[in-house]
Amino acid sequence: MANKEGEISYPLFETRRATSGWLIIYRFFSFSLFLGIFSIFLYRFSYLLNIVVIHGGKEEEEDNEDGKSWVIFSVGLLGAELFFGLYWVFTQALRWKPVFRQTFKHRLSQRYEQSLPRVDVFVCTADPEKEPTMMVMNTVLSVMAYDYPTEKLSVYLSDDAASEITFYALLEASSFAKHWLPFCKRFNVEPRSPLAYFNTLSFPTSSEDSVWTKELAHIKKLYEDMEKRIEDAAKSGQVPRYVRLKHKGFSQWDSFSSRRDHDTILQILLHRKDAQNSKDVEECVMPTLVYLAREKRPQYPHHFKAGAMNSLIRVSSKISNGKIIMNVDCDMYSNNSKSVRDALCFFMDEEKGHEIAFVQYPQNFVGVTKNDLYGSHMEVFSELEAHGFDGCGGPLYIGTGCFHRRDVLCGRKFSDQHNAIINDCNNDNDDLLTMESLQKQEQESKPLASCTYEEQNPLWGSQMGLLYGCAVEDVITGLSMQCKGWKSMYYNPERKAFLGAPLMTLGQALVQQKRWAEGEFQILVSKYSPPWHAYGKLSVGLQLAYCNYCFWAPISLPTVYYCIVPSLCLLKGIPLFPKISSPWFIPFAYVIVAETSCSLLEFLRCGSTVQGWWNEQRMWLYKRTSSYFFAFMESILKLLGFPLASGFAITAKVSEQEASERYEKEIMEFGASSPMFTHLATIAMLNLFCFLGVSMEALISEGGLIRVLEKMALQIILCVVLVLINVPMYEGLFFRKDKGRLPTSVAIKSTVFALSACGLFKALL
Ligand SMILES: *[C@@H]1O[C@H](CO)[C@@H](O)[C@H](O)[C@H]1NC(C)=O
């Protein structure tokens with residue numbers, strides 16, 4: 001056995017399981033919760049059985065006067081609880097056996113530095129208004145500056161808006177990169193997004209006169225000049241005339257008629273074999289840089305991001321044909337220049353590498369406020385659940401920060417054969433491309449991004465590339481790979497690999513969640529449905545893990561029921577939970593306390609605050625009662641053949657000044673009127689009225705307080721929690737004056753709806 005680190009016998013990555021002690025404690029805890037949940041079902045069943053027997057025997061019990069009407073509510077609660085219980089089982093799959101991965105990049109370098117594969121990086125942007133051009137350029141620059149042999153790195157920007165300004169900005173960025181890349185290398189800069197890097201610096205005093213200070217001042221000046229030119233162009237809406245004349249690429253816009261109707265626009269801005277223009281200021285080769293706006297025609301579906309990705313896969317196969325493809329959203333810059341190497345440690349591992357289809361990094365965010373008002377951090381997902389997912393057989397593909405093997409993306413079936421991805425194209429370095437051959441390559445690649453290409457090659461979108469027809473094209477694509485037998489890896493390094501901007505308003509967060517929930521529901525009824533069709537193809541753990549997401553839309557129903565019915569029943573004094581004195585109270589109390597403290601502990605462990613946890617609970621509730629609920633309703637209508645025109649709303653990332661000030665202060669941003677807000681506000685108002693109603697009753701009647709509490713404690717607690725969690729909602733409805741408040745129309749509508757619901761309920765039953 002060789003014992004040198006470089007020898008094959010040492011793996012390139014290592015997998016660690018969670019400490020067994022903690023895991024055993026957790027499993028015990030989980031089992032006790034299971035017993036608690038089971039007892040709740042027992043209670044409901046025995047209770048219902050009792051009623052049936054009593055009513056069957058025509059025996060009237062004092063407490064059960066309106067027994068008939070509450071049976072139906074209890075049946076509903078039982079249904080809801082059964083669903084919650086089932087969902088709880090899904091969540092356990094994500095906690096059962098988390099794994100943690102570690103890579104050994106030095107071994108990778110020792111063994112394969114000379115034969116590293118080519119890597120193609122795809123950055124997708126779709127709308128220059130919602131995704132500011134400078135943000136996109138910072139992302140592009142950060143990935144161009146990866147610590148990786150530049151002749152093997154290619155960066156593609158897909159611009160679905162086909163904006164001339166974006167093209168111009170990329171042109172500017174490619175010139176700036178000629179200074180930025182050597183600067184990064186020289187001073188080992190981290191992170192390599194210029195803006196993020198400048199923001200980390202507390203600017204040095206002028207007395208320090210090192211080389212670095214001078215260079216830094218120089219590069220900063222270059223950056224600011226570039227920024228000014230790009231922003232001027234963006235403001236005026238056009239590219240300066242002299243630039244337009246100088247670069248032939250702009251002539252491709254001559255035939256442009258609209259965003260949805262234009263030819264393929266493809267421009268290779270830098271090419272590793274282009275000796276004249278593609279060297280940096282220190283005469284080193286630059287990474288290949290390509291701009292692509294695929295052809296769009298009104299009569300052809302464009303399939304959103306999946307369509308863009310598939311065009312990129314095809315076009316890149318002609319230009320650089322990297323064996324590894326990485327894709328990242330335009331708002332997520334690379335925060336770690338070594339991420340490519342980390343990912344390759346998985347793919348190139350001699351023993352396990354050949355089974356791996358993709359390596360997923362978490363999505364992390366910068367600029368989230370301390371208590372994370374909209375739950376945008378998703379820490380529990382990235383620090384805990386995704387590790388559990390990995391332990392079940394591999395995480396889901398979340399559409400950004402992910403490295404894929406090209407052949408698997410193109411539909412290769414899994415086989416147990418070792419299929420090395422070591423570079424086999426080292427011999428093509430010699431022949432440099434002339435200007436003409438570069439143009440020829442562009443012309444040859446263009447048809448691959450045309451609308452008709454997929455008509456002639458219909459496998460794209462069904463068996464090759466990202467799959468079409470699902471709002472979460474990424475998740476279903478990853479799932480289809482796993483169904484074919486491929487594995488995936490989750491890699492969550494200490495220093496985060498990708499950082500993005502969080503959503504800044506409640507509306508944005510809810511719309512995004514709604515789209516995801518719709519997509520997940522589509523997966524549930526697709527031919528890859530994790531609970532059904534994936535049986536036998538995925539491990540049971542992985543099936544359950546996927547169910548956590550597929551059931552987002554349906555789980556909204558029991559949640560809405562739980563938020564409305566028990567509170568309404570308070571008004572009529574109908575108890576739906578056991579009394580405090582009853583032994584059945586214990587399982588309820590145990591499940592509530594245990595589940596709450598477990599979730600709180602998880603949150604704190606992932607680095608959040610108590611207030612952050614509370615905010616997350618609110619978002620949990622809002623997502624389920626609005627995003628998921630609307631997603632469910634619309635999906636069902638669509639299945640029944642009443643499609644609603646709900647566009648693929650891009651979630652905007654820019655906010656006005658005032659709004660971002662409110663964000664800093666953690667004041668909830670509502671702003672516009674939306675059916676989802678009305679729905680949320682109605683539930684909030686309803687609970688407030690029910691709470692007021694029951695309090696009045698308890699105070700008026702003699703000894704009422706004690707009696708009501710004794711009889712309906714859990715129900716009152718539920719109602720009070722719902723009222724407390726909705727405090728920002730009441731503020732937005734009635735007390736705030738700023739622009740981010742809820743419109744008066746929503747306040748009126750929700751009050752009317754809630755009052756009439758309470759009134760009807762009281763009158764009719
Ligand atoms: C991003 O990178 C910087 C330096 O490279 C590091 O200090 C910081 O912790 C990273 N951010 C995160 C969230 O990991």
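## Exercises on a predicted model

Phe365 stands opposite Gly500 in strand 13. The model is predicted. The exercises start from this pair and work outward.

**Exercise 1.** Find the strand that pairs with strand 13 in the parallel sense, and say over how many bridges.

*Solution.* Start with strand 13, which covers residues 498-500. Gly500 belongs to this strand and faces Phe365. Next, look for the partner: strand 10 pairs with strand 13 in the parallel sense. Two bridges join them.

**Exercise 2.** Work out the strand order of the sheet and name the edge strands.

*Solution.* Recall the background: strands of a sheet pair through backbone hydrogen bonds, either parallel or antiparallel. Now count the members: three strands form this open sheet. Their order is 8-13-10, with mixed pairing. The edges are strand 8 (332-334) and strand 10 (364-365). Each edge strand pairs on one side only.

**Exercise 3.** List the residues around the ligand, sort them by class and locate the polar contacts.

*Solution.* Begin with the list: Glu190, Pro191, Asn335, Glu494, Arg495, Lys496 and Leu499 surround the ligand. Sort them next. Two are nonpolar, one is polar and four are charged. Then turn to distances. A side-chain N or O atom of Asn335 is 2.5 Å from an oxygen atom of the ligand. For Lys496, a polar backbone atom is 3.0 Å from a ligand oxygen. Finish with the cover: on its own the ligand has 360 Å² of accessible area, and the protein covers 57% of that.

**Exercise 4.** Is the peptide bond from Glu190 to Pro191 cis or trans? Where is Pro191 found?

*Solution.* Read omega first: the value is near -15°, and the bond is cis. Then place the proline. Pro191 lies in the loop between helix 5 (164-187) and helix 6 (194-200). Glu190 and Pro191 are also among the residues around the ligand.

**Exercise 5.** What is the phi of Phe304, and which helix holds this residue?

*Solution.* Check the sign. Phe304 is not a glycine, yet its phi is positive, at about 50°. Now find its place: Phe304 is in helix 9, which covers residues 304-319.

**Exercise 6.** Over which residues does pLDDT stay under 50?

*Solution.* Take the whole protein first. The average pLDDT is 90, and 92% of the residues score at least 70. Then go to residues 57-66, where pLDDT stays under 50. For this stretch the model has eight contacts beyond four places in sequence.

Conventions. Residues numbered from 1 in each chain as written. Predicted model: local features only at pLDDT ≥ 70, side-chain atom pairs only at ≥ 80, totals over all residues. Heavy atoms only, no water. pLDDT = per-residue confidence, 0-100. Contact = heavy atoms within 4.5 Å. Near = heavy atom within 4 Å. Polar contact = N/O pair within 3.5 Å; in protein donor to acceptor, adjacent residues only side chain to side chain. Areas by Shrake-Rupley, 256 points an atom, 1.4 Å probe, with all protein chains shown as cover. Nonpolar A, V, L, I, M, F, W, Y, C, P; charged D, E, K, R; others polar. Pairing = 2+ DSSP bridges. Helix = DSSP H or I, 4+ residues; strand = E, 2+ residues; numbered from the N terminus.
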